[in-house]
Amino acid sequence: MRRSGSKLKTVGPPSDDGASIEALRVSDARWRAIIDAAVDGIIVIDAAGRIEAFNAAAERMFGYSEQEVLGKNVSQLMPEPHRSQHDAYLGHHLRTGERKIIGIGRSVTGQRSDGQSIPLHLSVGEFDIGGEKHFTGILHDLSRRTELEERLREATAMARLGEMAAVIAHEVRNPLAAVRGAIQVIGSRLPARTNDAAIVTEIIARLDGLNDLIQDLLVFARPPAPKPVRVDLQSLIASVVTLLKRDPAYGELHVSVTGTAPHALADPNLVTIALQNLLINAAQAQQGRGTVRVSLRAEGDQIHVAIADSGPGIPAEIRAALFRPFKTTKARGTGLGMATAKRLIESLNGQIAVECPASGGTTIALAIPAAPPDAG
């Protein structure tokens, strides 16, 4: 049961008979073929924790070849603090016989060769060869299950958020419009350029901000059903840029659009909302000045759009939660812009990702399905 270089050997009665040796070789090859056909990772270690066998599924799971890990301590497949604690646990078991995983199994975390953590279920068996203890670990990758559980939690949260947004829209939005109208009437009766008039203007601005938050919440929680049609992204981006430039806050901003691409299959209204959020974020990262670079290109059956700013970039800890609702670094931000953009783009079977190059700035990359030739 070994590949070339593996220390674990099939045990059989000693014999010089050629047929017996050939039978052992065939048996060894058969068991190795079965183990390599397993979809779960199988790792065999000795009493010192050194890896003796590492099947093909384990290679795919951890990103190491068997030759890279043979003879190495199995703890290198674990993140801290488990890596430092493993040898002590193994020694405790050998001294006392106490079992914490063996024959029981439990969820653990592994670490790939690239440093990425992966959720796993580990079952451990123990056996003796020539009076020496060895251990077999069978590892099942829980990444898919964890992803499905996360999606289910997110879907449940979105359903509850949608219900809450509907209540807010009904109970708050209409009265808010009435309050704004009344304040506006009062303000129109005050002398211009007085402290009272300035206070009224500030009140109206705050009410508008609250209304925008409600609108953002509604769009995020209950986005309209996509109605995909052929969309000229170049023209759509140009119209969004024109709308952005009408805002005095972005009067000093320049947006360059380069590249060409065939039509996309998308809902123009949803793409417009997403692009507005992304371009406003890019503009605000540069305090409304400088250049935002938008590029288009076609690749396979997707249209790629990149929106790059030359702002300060996004720290890694913030980048990890960038698309999470209500996460914002702005003093008056809702924290829904990026989350809404992600939700809308993904509803169109597209993808969105964020990159912060070493040269600085932030690039938001979109991938939107290209329209087939016969699309309406």
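The exercises below concern helix α4 and the strands of a predicted model.

**Exercise 1. The length of α4**

Work out what span helix α4 (residues 82-96) should have at 1.5 Å a residue, and compare it with the distance between its end C-alpha atoms.

Solution.
- The expected span is 1.5 Å times one less than the number of residues.
- For the 15 residues of α4 this gives 21 Å.
- The end C-alpha atoms are 20 Å apart, which agrees with the expected span.
- Just after the helix, G97 takes a positive phi of about 80°.

**Exercise 2. The two sides of α4**

Find the buried residues of α4 and decide where they lie around the axis; then say what covers them.

Solution.
- A residue counts as buried under 20% relative accessible area and as exposed over 50%.
- By this cut-off H86, L90, G91 and H93 are the buried residues of α4.
- They cover an arc of only 160° around the axis, so they sit on the same side of α4.
- The general background is that an α-helix has 3.6 residues a turn, so residues three or four places apart point the same way.
- On the other side of α4, the exposed residues are S84, A88 and R95.
- The cover over the buried residues includes β1 (41-46), β4 (117-129) and β5 (132-141).

**Exercise 3. Pairing among β1, β4 and β5**

State the sense in which β5 pairs with β1 and with β4, and give a bridge partner for each pair.

Solution.
- β1 and β5 are antiparallel, with 6 bridges; V44 has T136 of β5 as its bridge partner.
- β4 and β5 are also antiparallel, with 10 bridges; here L120 has D141 of β5 as its bridge partner.
- The hairpin of β4 and β5 has 2 residues between the strands, and G130 takes a positive phi near 60° in this hairpin.

**Exercise 4. The sheet of 5 strands**

Give the strand order of the open sheet, name its edge strands, and list the strands that α7 and α8 lie across.

Solution.
- The order is β7-β9-β10-β12-β11, with mixed pairing.
- β7 (252-258) and β11 (351-355) each pair on one side only, which makes them the edge strands.
- On average, neighbouring strands of this sheet are turned by 15° against each other, direction ignored.
- Within the sheet, β10 (residues 302-309) and β12 (residues 362-369) run antiparallel and are joined by 8 bridges; D309 has T362 of β12 as its bridge partner.
- Helix α7 (residues 233-245) lies across β7, β9 (289-299), β10 and β12, and runs at about 175° to β7.
- Helix α8 (residues 268-285) lies across β7, β9, β10, β11 and β12, and runs at about 25° to β10.

Terms used:
Residues numbered from 1 in each chain as written. Predicted model: local features only at pLDDT ≥ 70, side-chain atom pairs only at ≥ 80, totals over all residues. Heavy atoms only, no water. Helix = DSSP H or I, 4+ residues; strand = E, 2+ residues; numbered from the N terminus. Buried < 20%, exposed > 50% of the residue type's maximum accessible area, 1.4 Å probe, protein only. Arc of directions from axis to C-beta. Contact = heavy atoms within 4.5 Å. Pairing = 2+ DSSP bridges. Axes fitted to C-alpha atoms, helices over the stretch in contact; angles between N-to-C directions.
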